[in-house]
Amino acid sequence: LSDKILALIPAAGSGTRYSKIKNKLFEKIKKIPVIIRSLITVSSVSLINEIIICAAPEIISHIENLIFEYKIKKVKKIVSGGKTRQESVFNGLLYIKGIGGCDFVVVHDGARPLVTTEILQKAIITAKDKGSCVIGMPVKDTIKKINPKTGMIIETPERNLLWNIQTPQVFRFKELLDAHELLQKETFTDDSALLENLGHSIFTGMGSYKNIKITSEEDLKIAEIFLD
Ligand code: C5P
């Protein structure tokens with residue numbers, strides 16, 4: 001029997017870092033909204049059976065309209081997001097639990113519209129083989145740890161050990177759900193970190209320097225250039 005693989009798309013960001021009024025997910029890159037670009041690629045992956053989106057309640061109907069307009073397939077449900085990304089993912093996982101769970105969950109940011117079918121496939125195949133796969137790329141800059149109070153450098157980790165972590169991140173559903181349930185009270189900025197905290201061995205795979213997260217205005221321009 002083949003694995004049941006669901007994609008979970010956190011898309012409940014307030015977008016406050018981007019703009020107070022506009023939501024970056026609805027901004028268009030070469031005529032297609034960011035969230036729709038993400039969904040088109042995720043839905044194109046044959047290994048993914050269904051998609052669950054986490055969105056702020058006030059934008060759910062807008063996303064529903066776009067899904068209809070662009071004829072996006074496989075979207076099973078749009079659940080309400082939470083105050084943090086972690087809470088949004090947890091809400092999505094609880095919904096999946098309610099419908100009987102699945103074997104693997106592919107978490108992919110709604111705000112990463114330039115992900116490719118190949119990256120998603122590679123992440124899923126690696127996770128099926130090794131149990132997990134987190135996509136990222138080696139850093140290009142030297143990274144330093146800074147004391148936020150004094151602005152002084154604490155240390156310089158060896159660059160060739162450092163990666164920028166992206167999504168997709170693929171995990172066994174039960175393991176990720178258990179980690180979210182156990183660590184609800186602590187804060188993590190990606191899903192991998194919860195599992196790492198519990199001592200799981202997490203595998204990585206190379207993504208692409210083009211798989212950027214749309215966070216600020218200039219990211220939209222960069223994305224447009226990457227699509228040329
Ligand atoms: O804001 P951040 O860079 O963490 O956003 C990464 C992804 O998580 C985005 O797709 C965003 O919509 C989503 N997110 C969410 N719920 C939040 C905050 C962010 O689903 N409360």
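## Surface and charge

How much area does the protein chain expose, and what share of it do carbon and sulfur atoms supply? This is a predicted model, and in it the chain exposes about 12100 Å², with carbon and sulfur atoms supplying 53% of that.

As for charge, the protein chain carries 32 positive and 26 negative side chains. The centres of those two sets sit 3 Å apart.

## Overall build

Count up the secondary structure of the protein chain and you get 7 helices and 11 strands. The radius of gyration is 17 Å, close to the 17 Å that the globule rule gives for 228 residues, so the chain is as compact as a globular protein of that length. Along its principal axes, the C-alpha trace spans about 50 × 40 × 35 Å.

How much of the chain is tucked away? Of the 228 residues, 48% count as buried. Then there are the contacts between residues at least 6 apart in sequence: 73% of them join residues at least 24 apart.

## Helix 1, mostly covered

Helix 1 takes in residues 34-43, and 9 of its 10 residues are buried. The buried set starts with Val-34, Ile-35, Ile-36, Arg-37, Ser-38 and Leu-39, and Thr-41, Val-42 and Ser-43 are buried too. Note that Arg-37 is on that list, along with Ser-38, Thr-41 and Ser-43.

## Helix 5, a buried side and an exposed face

Which residues of helix 5 (residues 173-182) are buried? They are Phe-173, Leu-176, Leu-177, Ala-179 and His-180. These residues cover an arc of only 160° around the axis, which puts them on the same side of helix 5. The general pattern is handy here: an α-helix has 3.6 residues a turn, so residues three or four places apart point the same way.

Turn to the face pointing away from that buried side and you meet the exposed residues Lys-174 and Leu-182. The buried residues of helix 5, meanwhile, pack against helix 3 (85-98), strand 6 (104-107), strand 10 (163-172) and helix 6.

## Ala-193 in helix 6

Helix 6 covers residues 191-197, and Ala-193 is one of them. Why does Ala-193 count as buried? Its relative accessible area is 18%, and buried means under 20%.

Ala-193 can also be placed relative to helix 5, where Ala-179 is among the buried residues. Ala-193 and Ala-179 are 14 residues apart along the chain, and their C-alpha atoms are separated by 9.6 Å. Helix 6 is also one of the elements that the buried residues of helix 5 pack against.

Key. Residues numbered from 1 in each chain as written. Predicted model: local features only at pLDDT ≥ 70, side-chain atom pairs only at ≥ 80, totals over all residues. Heavy atoms only, no water. Helix = DSSP H or I, 4+ residues; strand = E, 2+ residues; numbered from the N terminus. Rg over C-alpha atoms; globule rule 2.2 N^0.38 Å. Buried < 20%, exposed > 50% of the residue type's maximum accessible area, 1.4 Å probe, protein only. Contact = heavy atoms within 4.5 Å. Areas by Shrake-Rupley, 256 points an atom, 1.4 Å probe, with all protein chains shown as cover. Lys, Arg positive; Asp, Glu negative; His and termini not counted. Charge placed at Lys NZ, Arg CZ, Asp CG, Glu CD. Arc of directions from axis to C-beta.
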